[in-house]
Amino acid sequence: MKCPICEKKFSPSDDPLALPFCSLRCKMIDAKRWLDEEYVVVAINPQKLEEEIAAWEAASPPAAEEN
């Protein structure tokens with residue numbers, strides 16, 4: 001495996017409590033980034049998504065019928 005923080009290659013058996021990171025240090029670095037809001041999860045408005053899909057479908061040419 002490859003650590004997503006330091007990119008070091010490691011075996012999952014090296015420190016199973018740190019997975020998916022190579023060490024508890026890298027795990028804590030990741031946690032700090034979440035707490036400092038360096039990472040975010042984008043919220044999706046379902047109503048807006050449906051409107052965008054409908055607009056996209058209306059703008060797309062009709063699919064050719066298969067024989």
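How much accessible surface does the chain have, and what share of that surface belongs to carbon and sulfur atoms?

## Overall shape

The accessible surface of the chain comes to about 6,100 Å², and carbon and sulfur atoms account for 58% of it. This value, like the others in this report, comes from a predicted model.

The chain has 67 residues, and its radius of gyration is 22 Å, whereas a compact globule of that number of residues would have one near 11 Å. Along the principal axes, the C-alpha atoms fill a box of roughly 55 × 35 × 15 Å. Buried residues make up 12% of the chain, and among contacts with a separation of 6 or more, 9% are between residues 24 or more positions apart.

## Helices and the segments around them

Two helices are present in the chain, and the number of strands is zero. Helix H1 covers residues 24-35, and helix H2 covers residues 46-59. Glutamate 7 lies in the segment before H1, as does proline 20, while glutamate 37 is placed in the loop between H1 and H2.

## The nonpolar core

In soluble globular proteins, nonpolar side chains tend to be buried together. Here the largest nonpolar core consists of six residues, namely Cys3, Ile5, Phe10, Phe21, Cys22 and Cys26. When neighbours within four places in sequence are left aside, isoleucine 5 is in contact with Phe21, Cys26, Ile29, Asp30, Arg33 and Tyr39.

Lysine 27 belongs to helix H1, and its relative accessibility of 31% makes it partly exposed, because the range for that class runs from 20% to 50%. Its contacts, again without neighbours within four places in sequence, are Leu17, Ala18, Leu19 and Phe21. Lysine 27 and proline 4 are 23 residues apart along the chain, and their C-alpha atoms are separated by 9.5 Å.

## A nonpolar patch on the surface

Ile44, Leu49 and Ile53 make a nonpolar surface patch of about 260 Å². One of these residues, leucine 49, is found in helix H2, and with a relative accessible area of 36% leucine 49 is partly exposed.

## The salt bridge

Side chains of opposite charge can pair when their charged atoms come close. The structure holds one salt bridge, which is formed by lysine 32 and aspartate 36, with the closest N and O atoms 2.4 Å apart. Aspartate 36 counts as partly exposed, at 42% relative accessibility.

## Backbone features to notice

Most residues other than glycine have a negative phi, and most peptide bonds are trans. Against that background, the bond that joins leucine 19 and proline 20 is a cis peptide bond, with omega of about 10°.

Which values does phi take in glutamate 7 and in glutamate 37? In glutamate 7 phi is near 65°, a positive value in a residue other than glycine, and in glutamate 37 phi is near 60°, which is likewise positive. Glutamate 7 is exposed, with a relative accessible area of 53%, and glutamate 37 also counts as exposed, at 63% relative accessibility. Glutamate 37 and lysine 9 are 28 residues apart in sequence, and from C-alpha to C-alpha they are 27 Å apart in space.

Key:
Residues numbered from 1 in each chain as written. Predicted model: local features only at pLDDT ≥ 70, side-chain atom pairs only at ≥ 80, totals over all residues. Heavy atoms only, no water. Core = buried A, V, L, I, M, F, W, Y, C linked by side-chain atoms within 4.5 Å. Buried < 20%, exposed > 50% of the residue type's maximum accessible area, 1.4 Å probe, protein only. Contact = heavy atoms within 4.5 Å. Patch = residues over 30% accessible without salt bridge, like charges linked within 9 Å, V, L, I, M, F, W, Y side chains within 5 Å. Areas by Shrake-Rupley, 256 points an atom, 1.4 Å probe, with all protein chains shown as cover. Salt bridge = Lys/Arg side-chain N within 4 Å of Asp/Glu carboxyl O. Helix = DSSP H or I, 4+ residues; strand = E, 2+ residues; numbered from the N terminus. Rg over C-alpha atoms; globule rule 2.2 N^0.38 Å.
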